[in-house]
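Could you load the model in your viewer and switch to a cartoon view? We will go through it one selection at a time.

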Amino acid sequence: MGVKGLQYFIDCCCPEVCVTVNLREMATQHAARSTTTANSAGPTLVVDGMACLRHWYSCRDWVCGGQWREYMDILKSWVEKFTSAGIRLVFFFDGVVEEQKRQAWVKRRRRVNGEISKIFRHIKAHGEQPGRELFCLPSGLATYTCFALRSLGQEVFCSVQEADYEIANYARQHGSMGILGQDSDFIIYDSAPYLSVAKLRINSLTTVLYDRQSFCRATGLAVNQLPLLACLLGNDVVSEEQMHHIRNKAMETYRKNNPAPHSGAPRGQIFLAVSQLVSSLWGRQEEETGHILQSLNLSAPHRELLKRGICSYLLPGQEALQQGDISARPSASAFEKYVSPEILKACREKHVAAEGFMVYGVVCEGVIECSNTLEDEEDAELLPQAIVYKPCRQHIYGLLLGHDGSTADTPAIREWFVYPGNPLKEPDMVHPVPVGLPCDRPSLDLLWFGTGSNISALRLTSFLTIFGCQEFSELYGAVEFSLLAAFVLVTYIVLQVQTLSLEDVDAYLSQCVCLSTKSSQELQQIKLPCLSSRAVQLGSLYVRGLSHLLGANCASGCPLPNAALMPWHSFDGRLFHSKYLLAHSGAEKTVLLDSNSSFLSLFFHLREKLIETCTKRGRVLQSRPRPSVPEQSHKTTPGPRYRDRHTGWPPGGGEGWRERGEMTGGPQHGGEWREAGAERTDRSKNENGERPWERGGHRGRGMRGGQHFHPQSYPDYLSGGPQNTSHPPKQSRGRSHHSRGRYHLAPRKNLGDRNGSVIL
């Protein structure tokens with residue numbers, strides 16, 4: 001992020017630019033000035049949320065999937081510090097990846113993949129979390145942080161273009177006291193003062209202000225010349241390599257004009273050399289500005305690239321080198337024709353207000369991305385989360401775009417998902433799959449804006465059908481929303497991932513049930529004798545699934561409150577890990593459920609229902625305990641990616657899931673059923689042909705929350721007596737609707753999309 005090397009240059013070579021400030025005092029001074037400033041809203045800090053994530057997530061544990069309740073406490077305390085000082089906070093988060101910055105995004109994702117490989121090798125060798133030098137944020141942290149801050153009463157925005165641009169523009173338009181972040185681009189924008197979050201001392205509310213005017217004096221440039229400087233040095237639009245020859249020429253000229261050795265660092269000399277070049281190019285007469293780039297003797301493509309890079313820093317009303325504001329996004333998408341204007345408006349509003357997830361990218365952009373997840377690329381058994389959640393994503397796309405199953409004019413969503421084996425050279429083109437509801441396909445307008453109990457029931461049915469859990473509608477009103485959502489997610493994971501065992505199910509369910517009574521302090525005190533790399537990946541898989549629950553909920557018209565789908569209601573990394581180790585060590589269920597009789601009853605009820613659902617789908621769960629000792633597998637030469645690592649599983653040994661032809665519990669494209677070991681007619685490309693994953697998955701993880709039955713309904717529910725009737729009327733569902741679910745392994749025949757089948 002930002003200008004290559006600029007932050008280092010300022011910190012090390014320009015001490016006069018770095019000014020220590022007290023934010024309380026700044027707020028007081030700003031409030032005094034605001035009485036005479038029309039566009040000021042009082043002392044407001046515009047916060048770059050993405051830059052703050054690493055500073056906010058200071059929990060000791062991070063590799064197990066996230067300490068979400070502890071994280072909520074940290075956020076609450078952080079916000080209260082500013083509120084007590086009379087400082088209003090406005091948060092911005094990245095909502096899109098600009099296509100002009102896609103390659104920079106891909107480059108970072110590949111780099112993080114290398115770090116994740118080191119993390120898993122460390123865990124398998126030592127059975128413990130690696131040091132902070134390999135720190136990796138829990139999956140989905142940015143998404144869930146938006147909802148967390150909103151729950152704390154904060155104003156949160158999700159960008160529809162480059163977040164840095166929207167932050168700088170908001171701060172300038174509203175006369176904010178400063179931008180709190182850690183991105184050198186903020187010194188290039190002609191906007192509010194740039195304040196460092198990395199140097200923030202939260203207790204004293206002191207930090208470093210990078211003074212833009214002092215920086216200009218140090219480099220001999222005017223503020224309006226800084227965008228060209230940034231592009232020649234290299235940023236996310238103009239790569240460092242593309243302007244390498246320009247910097248070399250600048251250094252030659254600089255050394256000729258400054259024969260005496262420079263006492264500063266070599267990087268500092270480059271900055272001064274390029275600054276002198278920019279200054280020499282800039283004519284004094286305004287009409288000459290259009291000829292600046294011509295004098296650099298660039299090729300036409302590089303000249304256009306440089307124009308785009310410069311314009312990306314120019315805020316509304318600022319000069320755009322006579323080229324117009326080319327940073328504006330396209331006004332329309334090919335996908336917008338599939339929805340009504342009212343849906344488009346609602347999608348954008350929900351996205352900007354950080355109230356929705358996934359729907360804006362699909363409907364308005366036709367693209368969706370997912371960053372890195374803690375996944376072991378050497379694990380032969382566990383599918384990447386992108387593959388696991390692909391079927392539900394396809395149903396979400398089908399619901400949003402009104403796909404009816406026809407092949408003509410079917411839109412494909414461009415998915416940029418990071419997972420082992422994906423080179424990220426191009427997006428995966430994923431087609432929508434219709435949601436098989438027991439009634440005619442509802443319009444999105446009806447789901448989102450309709451009223452009445454029958455519409456409420458339709459929303460719930462749509463949500464559950466996306467995950468193949470239609471029969472779980474009977475739990476609506478009988479259990480808390482967060483537990484219902486968590487149970488749907490765990491069931492979906494078990495149906496999709498054939499290598500999960502009864503012990504894994506016990507770990508997931510016991511964690512969901514036991515979390516309800518534990519404080520963040522109790523969760524922090526959980527002792528783990530060792531870490532299991534497999535449990536780490538299962539934890540990440542669940543948390544990624546929560547984002548899919550969120551996307552499905554938004555697409556279905558929100559039958560559940562979005563707040564119930566947050567991880568602090570359904571997941572704790574240390575608690576899950578402890579339950580995983582207990583379950584695989586053969587611990588008694590009373591121990592697994594904290595010797596709590598009500599927890600034990602609820603656990604067995606959910607477990608029985610899950611196993612019953614799996615049986616209907618032809619999914620047989622087996623007991624398969626696993627040792628929890630450090631593995632030394634990284635000391636041997638690993639086999640092909642996603643092959644068995646001498647674990648003895650699956651039977652037959654040595655074959656990865658692709659080689660076995662094992663499906664994730666559902667039919668292939670075309671509705672043909674596949675059993676484990678069956679010969680595949682796989683259309684995926686081979687390793688030389690780029691995309692080896694053509695089957696399914698996604699990037700989300702699950703959630704859990706309020707984990708027990710309402711007291712009034714729980715006894716009757718278990719005994720088969722009267723149930724809570726507060727839930728909306730249910731659609732009629734015959735037995736065949738349950739029994740022919742999408743995972744039933746039947747003799748091969750074309751089942752199409754009947755009964756809500758998810759077609760892989």
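The tour of this predicted model begins with a sheet and then moves on to a helix.

**Stop one: the sheet.** Colour the strands by number and read across: the order is β1-β7-β6-β5-β2-β3-β4, seven strands in an open sheet with mixed pairing. Which strands stand at the edges? Select residues 18-22 for β1 and 155-158 for β4: each has a single partner strand, so one side of each lacks a neighbour in the sheet. Turn the view and you can follow the twist, as neighbouring strands are turned by 30° against each other on average, direction ignored.

**Stop two: a parallel pair.** Now select residues 44-48 (β2) together with residues 178-181 (β5); these two strands pair in the parallel sense over three bridges. Show Val47 as sticks, and you will find Leu180 of β5 opposite Val47.

**Stop three: helices on the sheet.** Add residues 6-13, helix α1, which packs on the sheet and touches β1, β6 (194-196) and β7 (206-210). The direction of α1 makes about 105° with that of β7. Next comes helix α2, residues 23-34, also packed on the sheet, with β1, β2, β6 and β7 as the strands it touches. Against β1, the direction of α2 makes about 80°.

**Stop four: helix α17.** Jump to residues 390-401. At 1.5 Å a residue, these twelve residues should span 16 Å, and the end C-alpha atoms are indeed 16 Å apart. Is α17 mostly covered or mostly open? It is mostly covered, with twelve of its twelve residues buried, including Lys390, Arg393 and His395. Finish just after α17 at Gly402, which takes a positive phi of about 65°.

Terms used:
Residues numbered from 1 in each chain as written. Predicted model: local features only at pLDDT ≥ 70, side-chain atom pairs only at ≥ 80, totals over all residues. Heavy atoms only, no water. Helix = DSSP H or I, 4+ residues; strand = E, 2+ residues; numbered from the N terminus. Expected span 1.5 Å × (residues − 1). Buried < 20%, exposed > 50% of the residue type's maximum accessible area, 1.4 Å probe, protein only. Pairing = 2+ DSSP bridges. Axes fitted to C-alpha atoms, helices over the stretch in contact; angles between N-to-C directions. Contact = heavy atoms within 4.5 Å.
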